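Dear colleague,

Please find below the structure that I am handing over to you. I would be grateful if you could read the notes that follow with the model open.

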Amino acid sequence: MAAPRTPIVAGNWKMNLDRSRGVALATAVAGRRGEAAGVELVLCPPAVYVLPVAEALAKAGGDVAVGGQNASDKESGAFTGEVAPAMLLDLGCRYVILGHSERRTLYGETDAVVNSKTKAALAAGLVPIVCVGETLAEREAGRTTAVVTEQINGSLAGLDAASLEKTVVAYEPVWAIGTGKVATPEQAQEVHATIRGLLAGLSSAATAARVRIQYGGSVKPDNAAELAACPDIDGALVGGASLKADDFLAIAKAFAGRKA
Ligand code: PEP
């Protein structure tokens with residue numbers, strides 16, 4: 001029997017909203033959190049708004065978590081412009097997104113960098129949400145499995161079973177991010193099952209069965225239910241639709257009845 005996995009839906013706000021709109025959105029989500037009972041909810045604002053969002057969530061009560069969108073692999077020191085994982089933790093973050101395709105393509109983050117950041121985040125006490133996914137050209141060339149295999153094995157290299165179980169993986173096909181082109185449930189499930197097999201190879205089948213794997217890429221209220229029905233899709237990493245409380249909560253609600 002599969003290990004129970006609590007669904008997790010995270011909102012990646014990217015470089016959007018200002019402080020007051022971010023606080024208003026967080027307050028709205030926290031106030032309606034009951035609509036997605038049983039689903040772990042995470043809001044990932046820009047780093048400068050982590051604190052006001054964390055404060056708003058604390059004020060609203062409940063258990064909606066805060067996450068960063070990126071963190072350094074260094075603990076402290078002369079790294080101008082960087083934010084250490086411990087600093088995010090200090091502001092109330094429980095999660096941090098790492099290796100998002102925008103960081104990989106726009107800021108040159110390699111699997112080795114993502115691996116180093118993942119280890120640093122875990123060492124600081126954060127839960128990493130590690131993103132992988134192929135480009136359209138890679139999918140069309142039949143290289144999806146090869147690309148995802150390299151990313152998973154590289155980004156999660158050297159993690160022990162306890163660290164792997166804590167880590168969340170997000171499968172985000174690059175061609176589906178911000179494009180309105182969502183992967184079909186069959187396409188997504190196939191890669192999620194591949195990822196779970198890779199995790200088993202890195203550790204054990206029992207460990208892999210406990211790792212939550214989110215799907216990301218144009219998840220909207222109208223396609224969330226069919227994704228949530230797939231056995232290896234344990235939640236969503238949501239970009240654009242996470243900027244509206246109605247949409248974010250509707251997506252989260254789709255995962256509420258999900259049985260792993
Ligand atoms: C993302 O950036 O992680 C993402 C999935 O974006 P969108 O939902 O807008 O495609």
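The notes below go from the whole protein to one strand and then to one residue.

This is a predicted model, in which local features need pLDDT of at least 70 and side-chain atom pairs count only at pLDDT 80 or more, while totals for chains, interfaces and linings use all residues. Residues are numbered from 1 along each chain as its sequence is written, and side-chain values use heavy atoms, with hydrogens and water left out.

The protein contains 12 helices and eight strands; these are DSSP runs numbered from the N terminus, with helices being H or I of at least four residues and strands E of at least two. The C-alpha trace spans about 45 × 45 × 35 Å along its principal axes. The radius of gyration is 17 Å, which agrees with the value near 18 Å for a compact globule of 260 residues; it is taken over C-alpha atoms, and the globule rule is 2.2 Å times the number of residues to the power 0.38. Of the 260 residues, 50% count as buried, that is, under 20% relative accessible area (1.4 Å probe, protein chains only). Contacts (heavy atoms within 4.5 Å) with a separation of 6 or more come to 74% from residues 24 or more positions apart.

Strand 7 (residues 212-216) deserves your attention. Five of its five residues are buried. Arg 212, Gln 214 and Gly 216 point one way from the strand, and Ile 213 and Tyr 215 point the other way.

Strand 7 has two parallel partners, where pairing requires that DSSP finds at least two bridges between the strands. With strand 6 (residues 168-171) there are four bridges, and Val 168 stands opposite Arg 212. With strand 8 (residues 235-238) there are two bridges, and Leu 237 is the bridge partner of Gly 216. Strand 7, helix 11 (residues 221-228) and strand 8 form a right-handed β-α-β unit; right-handed here means that, with the strands pointing away from the viewer, the path from the first strand over the helix to the second runs clockwise.

Within strand 7 lies Gln 214, which counts as buried because its relative accessibility is 0%. Its side chain reaches the backbone oxygen of Ile 8 at 3.0 Å. Leaving aside neighbours within four places in sequence, Gln 214 is in contact with residues including Ile 8, Val 9, Ala 10, Ile 129 and His 192. Its contacts also include Val 168 of strand 6 and Leu 237 of strand 8.

Yours sincerely

Terms used: Polar contact = N/O pair within 3.5 Å; in protein donor to acceptor, adjacent residues only side chain to side chain.
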